[in-house]
Amino acid sequence: MSQKGNPTDVVMPQLAESLVSATIAKWLKQPGETVEQYEPICEVITDKVNAEIPSVLEGVMGELLAVEGQEVAVGEVICQIYTEAGSTESAPSAPAQTQPAVSASAPASAPQRQSQPAAGASGAMAGRYSPAVQSLASEHGLNLSLIQGTGAGGRITRRDVLQALENGTAQASAPAAQQNAPSTPAAQSSANAASTTDYAVRNSGMHLSETPAIPKIVLEQAETAPARGEHLIDVTPLRNSIARNMRQSVSEIPHAWTMIEVDVTNLVMLRNKLKEEFKRSEGITLTYLPFLIKAVVNAIKDYPIMNSVWAVDKIIVKRDINVSLAVGTEDSVMTPVIQRADQKNIAGLAHEIEDLARRTREGKLKLDDMQGGTFTVNNTGSFGSVLSYPIINYPQAAILTFESIVKRPVVINDMIGVRSMVNLCLSLDHRILDGVICGRFLQRVKDNLESYNLETKLY
């Protein structure tokens, strides 16, 4: 497509209500290259997550008006695209729901993690799929690895997917195709390499249920003291946001904390009874976290002040109970949100936890996944902690940690028995909450956890 008429301005979209700017991390399209509608044209960095900006036009890339590393305010022009019509109107902001999967951890200087390239495709863009392509393929059950991409760098475009749909190709599943493939030394080597990267699934917690992806961090030798072996690591916008929020939390919120011990022997027996069948029927691991969250949201219903924020001259009690999950990666901690957690059963919570934790580790969280949390739960027991003092997720009123379950000798009716015990640690905003209400809240969570038995239903 040749450049015709006047170029159309493309502006920085409103990625989220609270975001006013974003930093250009990398241009995915260069001047003169063809641009499909909804095809990502650049990667941007925000203080919450990293995202790709899709084009709302089809045409030819024009002038790049923002350079990599430049912070651009919402509404400012970042580039121009020549269309057939040569429209002079500014391109509208891309809606939030059209945003593709985003990277929650990789710094701007780190290489972009790519999917498996399409069969027969070549080029750096072969395995990068736009949200429109992913949505269309998912809707019609197409296997993108079987589609030949005609876009720049071998990228699969929306037109390629529509052509495959019309021709009836790409309907076969990848495993079947792999079974019919001839066995070659290269294939054997690839299979052996893949098998060496498989890790055993850990069942002790949420954010370490699988080995998290290790980000590539570029280290620079400090020139001032090379003999001491010091290194410099650039602070990414995400890490800077974490530092700012933590500093704001501890400086503005008068923290206090309390801890309670809970006998979860019956819960351990219940999970052991159900986990194999749950794995077979639902395809995910049943951890202790959905039971905890169910106990927490039921306690919040009894003590709604726990679900509040400080607003200087008033306390705002939130109606919806949206539970933030502290999910750790190798270089950050994210807090994706289970929306309306009080309306979900234990099985539903398990699926939400699995989905959010997996997408956090894979860097596929969306901005909407991070919004609206009212109470935070952290499964610190997944890495063996037995006691912790968590920092409140600003501006919420409290955060609860679920520590490691350990067997301890416990006195029961003047006799010593071995029970599965766990500590629950609660940090609270002392402007809103006091010891009495928090003690009663923790006691209710304890009662809820200890009330689980072999007859408890997941659905």
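Below are some exercises on this predicted model, each with a worked solution.

Residues are numbered from 1 along each chain as its sequence is written. Since the model is predicted, local features need pLDDT of at least 70 and side-chain atom pairs count only at pLDDT 80 or more, while totals for chains, interfaces and linings use all residues, and side-chain values use heavy atoms, with hydrogens and water left out.

**Exercise 1. Get the overall picture.**
How many helices and strands does the protein have, and what percentage of its residues are buried?

Solution.
- Start with secondary structure: there are nine helices and 21 strands. Helices (H or I, at least four residues) and strands (E, at least two) are DSSP runs, numbered from the N terminus.
- Next, burial: of the 459 residues, 46% are buried. Buried means under 20% relative accessible area, exposed over 50%, and partly exposed in between (1.4 Å probe, protein chains only).
- Then contacts, meaning heavy atoms within 4.5 Å. Among contacts in the protein with a separation of 6 or more, 68% are between residues 24 or more positions apart.

**Exercise 2. Work through the open sheet.**
Which strands stand at the edges of the sheet with the order S1-S8-S6-S3?

Solution.
- The sheet is open, has four strands and pairs them antiparallel. Two strands pair if DSSP finds at least two bridges between them.
- Strands S1 (8–11) and S3 (34–35) are the edges; each has a single partner strand, so one side of each lacks a neighbour in the sheet.
- Look inside: S6 (residues 59–64) and S8 (residues 77–82) are joined by three bridges in the antiparallel sense. Leu-64, for one, has Cys-79 in S8 as its bridge partner.

**Exercise 3. Place helix H7.**
Is H7 largely enclosed or not, and how far does it reach?

Solution.
- H7 (residues 289–302) has 14 residues and spans 20 Å from first C-alpha to last, close to the 20 Å expected at 1.5 Å a residue. The expected span is 1.5 Å times one less than the number of residues.
- Eleven of those 14 residues are buried, so the rest of the structure largely encloses H7. Among them are Leu-289, Phe-291, Leu-292 and Ile-300.

**Exercise 4. Find the core.**
Which residues of the largest nonpolar core touch the most other members?

Solution.
- A nonpolar core is a set of buried Ala, Val, Leu, Ile, Met, Phe, Trp, Tyr and Cys residues joined through side-chain atoms within 4.5 Å.
- Out of 82 residues, the ones to pick are Ile-78, Met-306, Phe-375, Leu-424 and Phe-441.
- H7 supplies the largest share of this core, nine residues.
- There's also a second, separate core of nine residues, including Leu-136 and Val-161.
- Zoom in on Leu-424: leaving aside neighbours within four places in sequence, its contacts include Met-259, Leu-292, Phe-402 and Leu-449.

**Exercise 5. Follow an aromatic pair.**
Which parts of the chain does the pair Phe-291 and Tyr-452 tie together?

Solution.
- The structure holds three aromatic pairs. Rings of Phe, Tyr and Trp (its six-membered ring) pair if their centres lie within 6.5 Å; planes under 30 degrees apart count as stacked, over 60 as edge-to-face and the rest as tilted.
- Phe-291 and Tyr-452 are edge-to-face, 5.4 Å centre to centre with 80° between the planes.
- Phe-291 lies in H7 and Tyr-452 in the segment after helix H9 (435–450), so the pair links parts 161 residues apart in sequence.
- Check burial: Phe-291 is buried at 0% relative accessible area, and Tyr-452 counts as buried at 8%.
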